[in-house]
Amino acid sequence: MLKSQAASFNQQLNLSLPDGIELHLKREDLLHPVISGNKFRKLKYNLLAAHEQGHTIILTFGGAYSNHIAAVAAAGHEYGFQTIGIIRGEELASGYTNNKTLVTAAAQGMHLHFISRSDYRQKQDIDFLEQLQQQFGSFYLIPEGGTNSQAVLGCTEILTPQDKQHFDFICCAVGTGGTIAGLIESSNPNQEVLGFPALKGDFLVSEVQQWTTKKNWKLISDYHFGGYAKVSDELLQFIAQFERQTQVSIEPIYTGKLLFGLQDLINKNYFPANSRILAIHTGGLQGKQSLM
Ligand SMILES: *Cc1c(COP(=O)(O)O)cnc(C)c1O
């Protein structure tokens, strides 16, 4: 069903790194122009399940700049599902013409339904979901950020057999934890999977533990820059420099924080000499203009 438009590959980054350290970037951002990176992996088996269960409507949740909303809208457009996006912030209903994510989602046929932040907090409540069923009819539900067991399964397909042989460390940005869970599940026990949360809070450890019983992973919580979508001049400068040196675009919400953190840990000799590190470029470039 969901077809990538290009294959992902590993690109070695020729940054000047100490002690024989090798850093490769897995270009998942190239899989699809909008359904990019991990959102592609997370949707694949969900779309199959929705199709097999005979659903024609997919409903999901997200914020105004959500890569997940953008991906679901594009996937619905491409594969013939009606899509409904429940968007946090009722104030947006009266005008979102300068929000590229929402404008593009609407242009792809997504019905945007704006709700207050307090209603949005009920996004997992049975009663609230039943209300939505009454309003919109029967739908296939994908949770906020797209993380469920089908998503984790999709993310087990990111690493290739060669990646499992070659790399000592696998590193990725963490939002809801689905992507890292799939990486952990598919990793070899001698590999260590490091997650760099894009948001503040200790709850993410238990979120990840929902999906895996393996122990070869760790969250590194020092690089969220104050919380979700918070940035600093130092981060933006790092991103600009990284892009100049590598010719690879990254964004400030997820991949910028991941690579900033990795560079900092390398500088602080966190990694043993000759470590082979694979960082996952999870995409997410669709909302970039609005963020920098
Ligand atoms: C959504 C997203 C993430 C976070 O993925 P989770 O599975 O929610 O942890 C990371 N990077 C990018 C670019 C994203 O869009």
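In this predicted model, Ser 187 is buried, its relative accessible area being 5%, and since residues under 20% are classed as buried, this value falls within that class. The residue belongs to the loop that runs between helix H8 and strand E8, and its side chain is joined to the side chain of Asn 216 by a polar contact of 2.9 Å. Pro 189 is found in this loop between H8 and E8 as well, but with a relative accessibility of 69% Pro 189 counts as exposed. Asn 216 recurs in the surroundings of Pro 189, for the C-alpha atoms of Pro 189 and Asn 216 are separated by 6.4 Å although the two residues are 27 residues apart along the chain. The loop between H8 and E8 therefore holds both a buried residue, Ser 187, and an exposed one, Pro 189.

Helix H8, which precedes this loop, spans residues 178-186. Eight of its nine residues are buried, and H8 is therefore largely enclosed by the rest of the structure. The buried positions of H8 are Gly 178, Thr 179, Ile 180, Ala 181, Gly 182, Leu 183, Ile 184 and Ser 186. One of these, Thr 179, also takes part in the surroundings of the ligand, where an N or O atom of the Thr 179 side chain is 2.7 Å from an oxygen atom of the ligand.

The space taken by the ligand is the largest pocket of the model. Two elements give two or more residues each to the shell around the ligand, namely helix H1, residues 37-52, and helix H8; of these, H1 supplies three residues, the largest share of the shell. There are 15 residues around the ligand, and those that come nearest are Lys 39, Lys 42, Thr 176, Thr 179 and Thr 282. When the shell is sorted by class, it comprises eleven polar residues, two charged residues and two nonpolar residues.

Besides the contact of Thr 179, two further short distances between protein and ligand were computed. At Thr 176, an N or O atom of the side chain is 2.6 Å from an oxygen atom of the ligand, whereas at Gly 177 a backbone N or O atom lies 2.8 Å from an oxygen atom of the ligand. The ligand, taken alone, exposes 390 Å², and 98% of that area is buried by the protein.

Helix H1 can be considered next, together with the loop that leads into it. Ala 49 lies in H1 and, at 7% relative accessibility, counts as buried. The C-alpha atom of Ala 49 is separated by 8.3 Å from that of Gln 150, a residue 101 residues apart from Ala 49 along the chain. In the loop between strand E2, residues 22-27, and H1 lies His 32, which counts as buried at a relative accessibility of 3%. Two side-chain contacts were found for this histidine: a polar contact of 2.9 Å joins the side chains of His 32 and Glu 78, and a polar contact of 3.5 Å links the side chain of His 32 with the side chain of Gln 5.

Strand E2 also borders the loop in which Pro 18 is placed, the other boundary being strand E1, residues 10-12. Pro 18 has a relative accessible area of 29% and is therefore partly exposed. Pro 18 and Leu 129, which are 111 residues apart in sequence, are also 52 Å apart in space when taken from C-alpha to C-alpha.

Positive backbone phi values were found at two residues other than glycine. Phe 225 has a phi near 55°, and its place is in the loop between strand E9, residues 217-219, and helix H10, residues 233-246. Asn 274 shows a positive phi of about 65° and is found in the loop between helix H11, residues 255-267, and strand E10, residues 276-281. At 52% relative accessibility, Asn 274 counts as exposed, the cut-off for that class being over 50%.

How values were computed:
Residues numbered from 1 in each chain as written. Predicted model: local features only at pLDDT ≥ 70, side-chain atom pairs only at ≥ 80, totals over all residues. Heavy atoms only, no water. Near = heavy atom within 4 Å. Polar contact = N/O pair within 3.5 Å; in protein donor to acceptor, adjacent residues only side chain to side chain. Areas by Shrake-Rupley, 256 points an atom, 1.4 Å probe, with all protein chains shown as cover. 1 Å grid on protein atoms, 1.4 Å probe; cavity = no way out; pocket = protein on both sides within 12 Å on 5 of 7 lines; lining within 4 Å. Sits in = over half its atoms within 2 Å of the grid points. Helix = DSSP H or I, 4+ residues; strand = E, 2+ residues; numbered from the N terminus. Nonpolar A, V, L, I, M, F, W, Y, C, P; charged D, E, K, R; others polar. Buried < 20%, exposed > 50% of the residue type's maximum accessible area, 1.4 Å probe, protein only.
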